[in-house]
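User: I'm new to this structure and would like to learn how to read its features one at a time. Could you walk me through it?

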Amino acid sequence: QVHPVESGGGSVQAGGSLRLSCAASGYTLTGKCVGWFRQAPGKEREGVARLYAQDRVISYNYYADSVKGRFTISRDNAKNTVFLQMNSLKPEDTAMYYCAAVAGGCVGNSVADFGYWGQGTQVTVSS
């Protein structure tokens with residue numbers, strides 16, 4: 001089974017940075033669409049960023065408008081890991097962050113478009 005494992009969350013002050021990791025154990029992320037989502041208390045889970053992890057294929061990465069220019073999604077094939085670099089963090093970025101994956105190319109940015117989910121890692125940004 002495909003179960004992404006997130007790490008890297010924590011507490012930072014506004015303006016700080018964090019790098020989240022989404023690791024795959026026992027399977028490869030290559031050939032899968034991998035996305036980061038977040039969910040704040042009382043709010044719906046929303047897509048933050050996603051990429052298509054395939055070699056020799058240009059991946060037009062998706063970013064939510066609220067994170068464009070501050071967050072960067074990337075992957076390390078050797079480590080079989082997808083990262084989310086988060087810079088210039090704001091209090092409104094506070095949420096539980098989830099990594100999700102689905103086999104094949106990326107077809108959408110909603111929760112329903114992804115079949116495999118991690119347990120999440122908490123990010124808290126204080127003002």
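Analyst: Happily! Let's begin with polar contacts: a polar contact is a pair of N or O atoms within 3.5 Å, where one must be able to donate a hydrogen and the other to accept it. Keep in mind that this is a predicted model. Here is a case: a polar atom in the side chain of Thr-81 lies 2.7 Å from the backbone oxygen of Lys-79.

User: Where is Thr-81 placed, and is Thr-81 buried or exposed?

Analyst: Thr-81 belongs to strand β8, which covers residues 81-86. For burial, the general idea is a cut-off: under 20% relative accessible area counts as buried. Thr-81 has 7%, so Thr-81 is buried.

User: Which residues does Thr-81 touch, not counting residues up to four places away in sequence?

Analyst: They are Ser-21, Cys-22, Ala-23, Leu-29, Ser-74, Arg-75 and Asp-76. Remember Cys-22 from that list, as we will meet it again shortly.

User: Can you show me another threonine to practise on?

Analyst: Try Thr-121, found in strand β11 (residues 121-126). Its relative accessibility is 11%, and Thr-121 therefore counts as buried. A polar atom of the Thr-121 side chain lies 3.1 Å from the backbone nitrogen of Gly-9. Beyond four places in sequence, the contacts of Thr-121 include Gly-9, Leu-20, Ala-95 and Tyr-97.

User: How many disulfides does the structure hold, and how do I read one?

Analyst: There are two. To read one, find the two cysteines, then ask where each lies and how buried each is. One disulfide joins Cys-22 to Cys-99, with an S to S distance of 2.0 Å. Cys-22 sits in strand β3 (residues 18-23) and Cys-99 in strand β9 (residues 95-103), so this pair ties together parts that are 77 residues apart in sequence. Both ends are buried: Cys-22 has a relative accessible area of 1%, and Cys-99 has 0%.

User: What about the disulfide of Cys-33?

Analyst: Cys-33 is joined to Cys-106, again with S to S 2.0 Å. Since Cys-33 lies in strand β4 (residues 32-39) and Cys-106 in the loop between β9 and β10 (116-117), the pair ties together parts that are 73 residues apart in sequence. Cys-33 is buried at 0%, whereas Cys-106 is partly exposed at 23%.

User: Why is one disulfide left-handed and the other right-handed?

Analyst: Look at the torsion about the S-S bond. For Cys-22 and Cys-99 it is about -70°, so that disulfide is left-handed. For Cys-33 and Cys-106 it is about 105°, so that one is right-handed. If you number the bonded cysteines in sequence order, the pairing reads 1-3, 2-4.

User: How should I read the aromatic pairs?

Analyst: Check the ring centres and the angle between the planes; planes over 60 degrees apart count as edge-to-face. The structure holds three aromatic pairs. In one of them, the rings of Phe-37 and Phe-114 have centres 5.2 Å apart and planes at 80°, so the pair is edge-to-face. Phe-37 lies in strand β4 and Phe-114 in the loop between β9 and β10, so this pair ties together parts 77 residues apart in sequence. Phe-37 and Phe-114 are both buried. Together with Tyr-98 and Trp-117, they form one aromatic cluster.

User: Which residue lies over the face of Tyr-98?

Analyst: Arg-45 does, at 3.7 Å from the ring centre. Likewise, Arg-19 lies over the face of Phe-83, at 4.1 Å from the ring centre.

Note on methods:
Residues numbered from 1 in each chain as written. Predicted model: local features only at pLDDT ≥ 70, side-chain atom pairs only at ≥ 80, totals over all residues. Heavy atoms only, no water. Disulfide = S-S within 2.5 Å. Helix = DSSP H or I, 4+ residues; strand = E, 2+ residues; numbered from the N terminus. Buried < 20%, exposed > 50% of the residue type's maximum accessible area, 1.4 Å probe, protein only. Contact = heavy atoms within 4.5 Å. Phe/Tyr/Trp six-rings, centres within 6.5 Å; stacked < 30°, edge-to-face > 60°. Lys NZ or Arg CZ within 6 Å of the ring centre and 35° of its normal.
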